[in-house]
Amino acid sequence: LFFTNFLMIENSFSKEMSFEAGILTYDKNLNILIGENRVIIKDGQGLTITADRFQYNKTLLIFDLTGDIKLIDKKNKIKIITEKLSYDENKDIILSNTFTSTEIENNYLIKTNNLEYFRNESKITSNKESYLKDNLNNTVKIKEFNYDISNKNIKAKKINLTDYDNS
């Protein structure tokens, strides 16, 4: 027998979040909500995160997620896959300091060990060595990049391009 716990929370910034999990636990003293066993988080603005586990600090409005994580942002056409992720709901910033694969508009794939996704600013950055692959199989090895989602513009240091047609 399997059933899902479901909870909706509206914070002081009038952003509605919904949580689904096999197990939801609330620690009133620490003001922390913990979800385990097939977690689904939605923000009502096109963001859906699935994970094995999350811990949500209701005071700081910060999620810490672990396990098999898949983040889909329909608004910006972003898909992020990783094992560990933090989401600052107040600042609308997503951070990952483990291996992360990010797909942008089905055109680009970024692989890195450090990712910062600023949703409000529509930009993705990393200060580590990263790999960017386009839908034509061209691969770019870069260090420290800033990708502007709105303008589809990337700025990076130490660029090494492998052109698929000339490889």
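The legends below describe close-up views of a predicted model.

**View 1. Overall fold of the predicted protein chain, built from 14 strands and zero helices.** Read along the sequence, the chain shows the pattern β-β-β-β-β-β-β-β-β-β-β-β-β-β. Of its 167 residues, 39% count as buried. About 9900 Å² of the chain is exposed, and carbon and sulfur atoms supply 47% of that area. Among contacts between residues at least 6 apart in sequence, 30% join residues at least 24 apart. The average pLDDT is 88, and 89% of the residues score at least 70. Over residues 7-14, pLDDT stays under 50; for this segment the model has 21 contacts beyond four places in sequence.

**View 2. The largest nonpolar core, with 32 residues.** The members that touch the most other members are Phe19, Ile41, Ile49, Phe54, Phe63, Leu65 and Ile124. Two or more residues each come from strand 2 (16-21), strand 4, strand 5 (47-57), strand 6 (62-73), strand 7 (78-88), strand 11 (115-118), strand 12 (123-134) and strand 13 (139-148). Strand 5 gives the largest share, five residues. In soluble globular proteins, nonpolar side chains tend to be buried together.

**View 3. Surroundings of Ile49.** Leaving aside residues up to four places away in sequence, Ile49 touches Val39, Ile40 and Ile41. Its other contacts counted in this way are Leu65, Ile69, Lys70, Leu71 and Tyr87.

**View 4. Asp88, a buried residue of strand 7.** The relative accessible area of Asp88 is 15%, which is under the 20% limit, and therefore the residue counts as buried. When residues up to four places away in sequence are not counted, Asp88 touches Leu61, Ile62 and Ile93. Asp88 and Leu61 are 27 residues apart in sequence, yet their C-alpha atoms are 6.2 Å apart in space.

**View 5. The salt bridge between Arg119 and Asp92.** The closest N and O atoms of this pair are 3.2 Å apart. Arg119 lies in the loop between strand 11 and strand 12, whereas Asp92 lies in the loop between strand 7 and strand 8 (93-96). The pair links distant parts of the chain, 27 residues apart. Both Arg119 and Asp92 are buried. These two residues also belong to a network of salt bridges that includes Asp43 and Asp73. The structure holds eight salt bridges.

**View 6. Salt bridges of Lys152 and Lys123.** The side chains of Lys152 and Glu105 meet with an N to O distance of 3.2 Å. Lys152 is in the loop between strand 13 and strand 14 (153-162), and Glu105 is in the loop between strand 9 (100-104) and strand 10 (108-112), so this pair ties together parts that are 47 residues apart in sequence. Lys152 is partly exposed, with a relative accessible area of 49%. Lys123 forms a salt bridge with Glu121, and the closest N and O atoms are 3.4 Å apart. Lys123 is partly exposed, at 23% relative accessibility. Side chains of opposite charge can pair when their charged atoms come close.

**View 7. Asn31 and Asn37, two non-glycine residues with positive phi.** Asn31 has a phi of about 55° and is placed in the loop between strand 3 (23-27) and strand 4 (32-42). Asn37 has a phi of about 75° and lies in strand 4. At 41% relative accessibility, Asn37 counts as partly exposed.

Key. Residues numbered from 1 in each chain as written. Predicted model: local features only at pLDDT ≥ 70, side-chain atom pairs only at ≥ 80, totals over all residues. Heavy atoms only, no water. Helix = DSSP H or I, 4+ residues; strand = E, 2+ residues; numbered from the N terminus. Buried < 20%, exposed > 50% of the residue type's maximum accessible area, 1.4 Å probe, protein only. Core = buried A, V, L, I, M, F, W, Y, C linked by side-chain atoms within 4.5 Å. Contact = heavy atoms within 4.5 Å. Areas by Shrake-Rupley, 256 points an atom, 1.4 Å probe, with all protein chains shown as cover. pLDDT = per-residue confidence, 0-100. Salt bridge = Lys/Arg side-chain N within 4 Å of Asp/Glu carboxyl O.
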